[in-house]
Amino acid sequence: MSKTVTPWLDNLLQEIEGIEIRRKDSRRVRIDIAADSLPTLLELLRGRAGYVHLSAITCVDWIDESQFELVYQLWSYESQSLVSAHIRIARDPGVYVSVFDLYQPAAFFERDIHEMFGVYFEGSPDMSKFILTEWNGPPPMRKEFDAEAWVNETFERKEYQPDWLKEITEQGGGIVKSPEEARQKKP
Amino acid sequence: MKNMKEIDIPIEASVEQSRTNPLARVFDELVRFCRSRSMFMLHYCTGCGAIELPPAMTSRFDMERLGIQPMVTPRQADILLITGYVSIKTLKRVILTYEQMGSPKYVIGICSCTVNGGMYWQSYATAKQLDQYLPVDLYIAGCMPRPEAVLEGMRKLMDRIRSGEADGWKDYYRRYDWYLGNQQHLFGDDWQTPADVIGEASHYDLAGSGTEGEHTHLLQQCQKPLEPQQTFFQIGGSLEVKGESHE
């Protein structure tokens, strides 16, 4: 088999409705698809196109559009090519179906996304805590979680004002910009 | 009480009372010298600072000529080396490790992250100041400190051990309530370790006014007895349970 994504993949994908295919590269395809059709797409890609390896599931929080974007990265060992399937789901309630029945490694990715973003995957074998076993707050990767405010509330900081720094500051050097100022200048 | 000046420091006075041997101070000097020249180091490699330790330990800088050797278990180690950022999850393990070590024990914090969070200053997952949870004897600042700085820090610690200034482990017993309070702030009220720190403090005659307090009372209320470890073996499809029954 050649090492480019062959035309038969295009023909195969035409079987699904409401699909947008963008070729990024000779060996890379981006597919935007409605959330309902994703299991069908994965089943086709796995069963008839040899995309047997689910490399990762990524989550993106689009807070302004009130949506989560889920990206399924699929790799084919035969054609050495990568397919990224992008779907959007509603941010509230943030529930989607698990693809554990198709790809077993999905259990870990889904558990991780549940922990970091609070997305619940129906049918996933384990939705308990994964890495953040000591964490009791809100899912920390959601955009509305302000990590800096949480840190300022939880931890204290050590003051460091040595004499040499004071001297430099008097001459106009030292800490020129505080983090707050640096952030305000961003558009 | 032999000397009225010693009453100012009540804990020191109680130690001084038991010293009847006129050569006690000479022996102390000798013991501290020997201690400072043979240190076993447990490096808990939490972050990137650990990468500077192999050059510090191997032939170029050769830490062993100062009598410092790496050690594999906490119970035989003298120095606990925290090399880099401490996440809250790691901090639990660090405290468990520290409490297993035999006294006298010394903690060295390497890298900026142990001082004030370093580049993880706004991270929700890392503890910011290590010395709020463990008594740190020495910080080696830098991001990361070079092996020369690590060796310089070790020399400094040796000097402090010889002069008797490196007594962070005593501080942990004397102000255990404060340390425990900070730990409970992060880990919740049901935080407990297998070590009986208050019992050890009274064993070493180091129990002071700060050893027990509201936080240790909370610990005693929430304390659960340690359960025997359960071991499971999967043999030929049927699950056999060895050890304590789990029903």
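# A tour from helix α2(A) to the cores

Begin with helix α2(A), where the face turned away from the buried side carries the exposed residues Gly47(A) and Arg48(A). A residue is called buried if 20 or more other C-beta atoms lie within 10 Å of its own, exposed if 12 or fewer, and partly exposed in between, with C-beta atoms placed from the backbone. Helices (DSSP runs of H or I, at least four residues) and strands (runs of E, at least two) are numbered from the N terminus.

The model is a predicted one, in which local features need pLDDT of at least 70 and side-chain atom pairs count only at pLDDT 80 or more, while totals for chains, interfaces and linings use all residues. Residues are numbered from 1 along each chain as its sequence is written, and chains are lettered from A and ligands numbered from 1 in the order in which they are written.

**Stop 1: the buried side of α2(A)**

Select residues 38-48 of chain A, then highlight Leu38(A), Leu41(A), Leu42(A) and Leu45(A), which are buried. These four cover an arc of only 95 degrees around the axis, so they are on the same side of α2(A); the arc is that of the directions from the helix axis to the C-beta atoms. Next display β2 (28-33), β4 (67-76) and β5 (81-90) of chain A, against which the buried residues of α2(A) pack. Following α2(A) is Gly50(A), with a positive phi near 80 degrees.

**Stop 2: strand β2(A) and its partners**

Now select β2(A). Val29(A), Ile31(A) and Ile33(A) form its covered face, whereas Arg28(A), Arg30(A) and Asp32(A) form the uncovered one. Add β1(A), residues 19-25, which is antiparallel to β2(A) and joined to it by six bridges; strands pair if DSSP finds at least two bridges between them. The two strands make a hairpin with two residues between them. On β1(A), Glu20(A) stands opposite Asp32(A) of β2(A).

Adding β5(A) shows a parallel pairing with β2(A) over five bridges. Here Asp32(A) stands opposite His86(A).

**Stop 3: Ile87(A) and the ends of β5(A)**

Select Ile87(A), which lies in β5(A). Ile87(A) is buried because 20 other C-beta atoms lie within 10 Å. Neighbours within four places in sequence aside, Ile87(A) is in contact with Ile33(A), Ala35(A), Leu38(A) and Leu70(A); contact requires C-beta atoms, placed from the backbone, within 7 Å. A distance to try in the viewer is that from the C-alpha atom of Ile87(A) to that of Tyr51(A), which is 18 Å, with 36 residues of separation along the chain.

The loop between β4 and β5 of chain A holds Gln80(A). Its phi is near 50 degrees, a positive value in a residue other than glycine. Gln80(A) is partly exposed, with 13 other C-beta atoms within 10 Å. In the loop between β5 and β6 (95-97) of chain A is Pro93(A), joined to Asp92(A) by a cis peptide bond with omega about 10 degrees.

**Stop 4: where the chains touch**

Show both chains. Here 11 residues of chain A are in contact with 11 residues of chain B. On the chain A side they divide into five nonpolar (Ala, Val, Leu, Ile, Met, Phe, Trp, Tyr, Cys and Pro), five charged (Asp, Glu, Lys and Arg) and one polar (the others, Gly among them).

**Stop 5: chain B and the cores**

Chain B contains 10 helices and nine strands. Of its 247 residues, 32% count as buried.

Select Leu80(B) and Ile82(B), which touch the most other members of the largest nonpolar core, a set of 51 residues. Such a core consists of buried Ala, Val, Leu, Ile, Met, Phe, Trp, Tyr and Cys residues joined through C-beta atoms within 7 Å. Helix α6(B), residues 147-162, gives the most to this core, with five residues. The core lies between domain 2 (38-166) and domain 3 (167-223) of chain B because both give residues to it; the domain bounds come from an automatic or database assignment. Apart from this core lies another, of 29 residues, including Ile31(A), Leu41(A), Phe117(A) and Phe121(A).

**Stop 6: two loops of chain B**

Select Pro104(B), in the loop between α4 (88-100) and β5 (106-110) of chain B. A cis peptide bond joins Ser103(B) to Pro104(B), with omega about -5 degrees. Finish at Asp205(B), in the loop between α9 (197-203) and α10 (214-222) of chain B. Asp205(B) is not a glycine, yet its phi is positive, about 60 degrees. Asp205(B) counts as exposed, with 11 C-beta neighbours inside 10 Å.

Notes. Two residues are in contact if their C-beta atoms, placed from the backbone, lie within 7 Å.
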